[in-house]
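Dear colleague,

I am passing on the structure we spoke about, together with an account of what was found in it. Please keep it open beside the sequence as you read.

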Amino acid sequence: MSTILSGNRPGLILSFLFLLPAGILDWKTRAIPRVLSLTGMLAGAVYAAFSVGMGDRSVQGLLLSLLPGAFLISMTVLTGGKIGIGDGFAFLAVGLLSGFELSSLILAGGLLMAALAGLFLMMLHRAGRNTRLPFLPFSLIACGEILYVLCQNGAV
């Protein structure tokens, strides 16, 4: 059983490697290709099944790891599409790869950074209430920060 401090090392690294092209594409095109999300979910499902088979994760933990992605998908529906559904599908992959705790931490970090960036842009009058920001670049940064902290603590 992993804790946040020890981390799900391979899963966090795989999440970073998934978020790297996804974040760059989201930044450039404001869209996440479905094939990339599906590939990430497939890789996540294989990794999660392997982790369950090795006893590193439980089936309940596996189902719990889907909650951050399900949360974003539900927010897509509740906001009428102001949050892109691709972000939710990407976080399904991140959850499968890194588990509930780390994917929730990546989500919270990404949301915080996106909110701060939006506030900063609004203060500069470069954005308004309805300005759309790509979310995965902020999630990539959050994942990288978590990976950095874990490396500094000798956990990775």
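Leucine 12, once residues up to four places away in sequence are set aside, touches Ser98, Leu102, Ile106, Cys143, Ile146, Leu147 and Leu150. Please bear in mind that this is a predicted model, and that the contacts and values in this message were computed from it. Leucine 12 is found in helix H1, and because its relative accessibility is 0%, it counts as buried. Although leucine 12 and serine 139 stand 127 residues apart along the chain, their C-alpha atoms are separated by 12 Å.

One of the residues that leucine 12 touches, isoleucine 106, has a contact list of its own, which takes in Leu12, Leu19, Phe91, Val94, Ser98, Ser139, Ala142, Cys143 and Ile146 when residues up to four places away in sequence are not counted. Both Leu12 and Ile106 are among the residues with the most contacts inside the largest nonpolar core, together with Phe18, Leu19, Phe91, Phe135 and Leu136. That core has 29 residues, and at least two of them are supplied by each of H1, helix H2 (34-54), helix H5 (85-123) and helix H6 (136-152). The largest share comes from H5, which gives 11 residues to this core.

Aspartate 26 deserves a separate paragraph. It lies in helix H1, which spans residues 9-29, and it is buried yet has no salt bridge. Which side chain of opposite charge is nearest to aspartate 26, and how far away is it? It is that of arginine 30, at a distance of 6.5 Å, whereas a salt bridge would need a side-chain nitrogen within 4 Å of a carboxyl oxygen. Leaving aside its neighbours within four places in sequence, aspartate 26 is in contact with Ala31, Ile32, Asp87, Pro134, Phe135, Leu136 and Pro137, and of these Phe135 and Leu136 have already appeared among the residues with the most contacts inside the largest core.

Arginine 30 itself lies in the loop between H1 and H2, and it is classed as exposed because its relative accessible area is 52%, the cut-off being over 50%. Its phi is positive, at about 60 degrees, although arginine 30 is not a glycine. Histidine 125, in the loop between H5 and H6, also has a positive phi, near 60 degrees, in a residue other than glycine; histidine 125 counts as exposed because its relative accessibility is 74%.

Alanine 45 lies in helix H2, and is it buried, exposed or partly exposed? Because its relative accessibility is 37%, alanine 45 counts as partly exposed. Its C-alpha atom and that of isoleucine 32, which is 13 residues away along the chain, are separated by 19 Å.

Lastly, there is the largest pocket, in which about 840 Å³ of space lies. It is lined by 29 residues, and those nearest its centre are Lys82, Ile83, Gly84, Arg132 and Leu133. Each of H2, helix H4 (67-78) and H5 supplies at least two residues of the lining, with H5 giving the most, namely 8 residues. H5 therefore comes up twice in this message, since it also provides the largest share of the nonpolar core.

With kind regards

Conventions: Residues are numbered from 1 along each chain as its sequence is written. This is a predicted model: local features need pLDDT of at least 70, side-chain atom pairs count only at pLDDT 80 or more; totals for chains, interfaces and linings use all residues. Side-chain values use heavy atoms; hydrogens and water are left out. Helices (H or I, at least four residues) and strands (E, at least two) are DSSP runs, numbered from the N terminus. Buried means under 20% relative accessible area, exposed over 50%, partly exposed in between (1.4 Å probe, protein chains only). Lys and Arg count as positive and Asp and Glu as negative; His and the chain ends are not counted. Contact means heavy atoms within 4.5 Å. A nonpolar core is a set of buried Ala, Val, Leu, Ile, Met, Phe, Trp, Tyr and Cys residues joined through side-chain atoms within 4.5 Å. On a 1 Å grid over the protein atoms alone, a cavity is a set of points where a 1.4 Å probe fits but cannot get out, and a pocket is an open set with protein on both sides within 12 Å along at least five of seven lines; lining residues have an atom within 4 Å of a point. Grid points are joined across faces, edges and corners, and a volume is the space filled by probe spheres set on the points.
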